Amino acid sequence: MTIGVVRVVGIGPGALDLMAPRALAALQQAEIIVGYRTYLNLVASCFNPKAEVLSSAMMQEVDRCRKALELAETGRDVALVCGGDPGIYAMAGLVFELAKNQGNRCRIEIIPGIAALNACAAVLGAPLMHDFAAISLSDLLTPWELIEKRLEAAASADFVTVLYNPKSKKRTSQIERAREIFLAHRAADTPVGIVHAAGREDETMQLCTLVNMLDASIGMQTTVTIGNSQTFFWENRMITPRGYAGKYSI
Ligand code: SAH
């Protein structure tokens, strides 16, 4: 029997011209396309019209990945669609974990995408020019104590910090606690950049400071970037210096 393939495809932040040609090719050639409805809607125009689409807001990640592996085992060409990059808070790791535990025999290919942190950084200017950390505030799969420990570590080590999953209707206190932790280590006027729906029609950017960041509107499709002690605003842009100014006369 022919062995099929699961391509775990990163579609980038949402704009079609921010998706890699390799991702586009995977979507065009897939016989079966599996994914979360919101992401599928963003790229539906790229699918092979004959492709079978398994979209569901309800089907959970684990079921989605299991289904993709099962179909590939029967010889099919399957694309598993992820927002941003498939290896960043998405499904690439889960596909490997399941394949390892279940002993699935199919090819697994990961196709990278522009992650929210890249897309948001470009909207903001150049906030990630020095060492940075990404921390998800979702405690669905990670104990909150561990998240707090990482926030504390990133804040105290002066990392620029990108907060993923900052807030949802049910999770509102996490972002407040994150701000409190950063305020214990960084100045109240530390620049913060908040980008919603980067690369999509409803993209918005808000620039604020650590002390007033909770006044901004923050939701599920928002990424919060907290500057380090050197980050500054200039002409409505957020910039972290790399260190050239201290070394060369610029
Ligand atoms: N794999 C994705 C991350 C999925 S986790 C990636 O590589 O970007 C979901 C979180 O990502 C959201 O809660 C939000 O914090 C962030 N996010 C995803 N797409 C975004 C976008 N277009 N603009 C801003 N933030 C986004």
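In the predicted model, a nitrogen atom of the ligand is placed 3.4 Å from a polar backbone atom of P13. The ligand also has polar contacts through oxygen: an oxygen atom of the ligand is 3.0 Å from an N or O atom in the side chain of N165, and an oxygen atom of the ligand lies 2.7 Å from a backbone N or O atom of T222. The protein buries 94% of the 550 Å² that the ligand exposes when taken alone, and the space that the ligand takes is the largest pocket.

The shell around the ligand comprises 21 residues, of which I88, A116, M220, T222 and T223 come nearest. When these residues are grouped by class, 13 are nonpolar, 6 are polar and 2 are charged.

With respect to secondary structure, the helix α5 (116-124) and the strand β11 (222-226) each contribute at least two residues to the shell. At the level of domains, at least three residues of the shell are drawn from domain 1 (5-114), and at least three likewise from domain 2 (117-239), so that both domains take part in surrounding the ligand.

Technical notes:
Residues are numbered from 1 along each chain as its sequence is written. This is a predicted model: local features need pLDDT of at least 70, side-chain atom pairs count only at pLDDT 80 or more; totals for chains, interfaces and linings use all residues. Side-chain values use heavy atoms; hydrogens and water are left out. A residue is near a molecule or strand if one of its heavy atoms lies within 4 Å of it. A polar contact is a pair of N or O atoms within 3.5 Å; within protein, one must be able to donate a hydrogen and the other to accept it, and residues adjacent in sequence count only if both atoms are side-chain atoms. Accessible areas come from the Shrake-Rupley method with a 1.4 Å probe; for residues, only the protein chains shown count as cover. On a 1 Å grid over the protein atoms alone, a cavity is a set of points where a 1.4 Å probe fits but cannot get out, and a pocket is an open set with protein on both sides within 12 Å along at least five of seven lines; lining residues have an atom within 4 Å of a point. A molecule sits in a cavity or pocket if more than half of its atoms lie within 2 Å of its grid points. Helices (H or I, at least four residues) and strands (E, at least two) are DSSP runs, numbered from the N terminus. Ala, Val, Leu, Ile, Met, Phe, Trp, Tyr, Cys and Pro count as nonpolar, Asp, Glu, Lys and Arg as charged, and the others, Gly among them, as polar.
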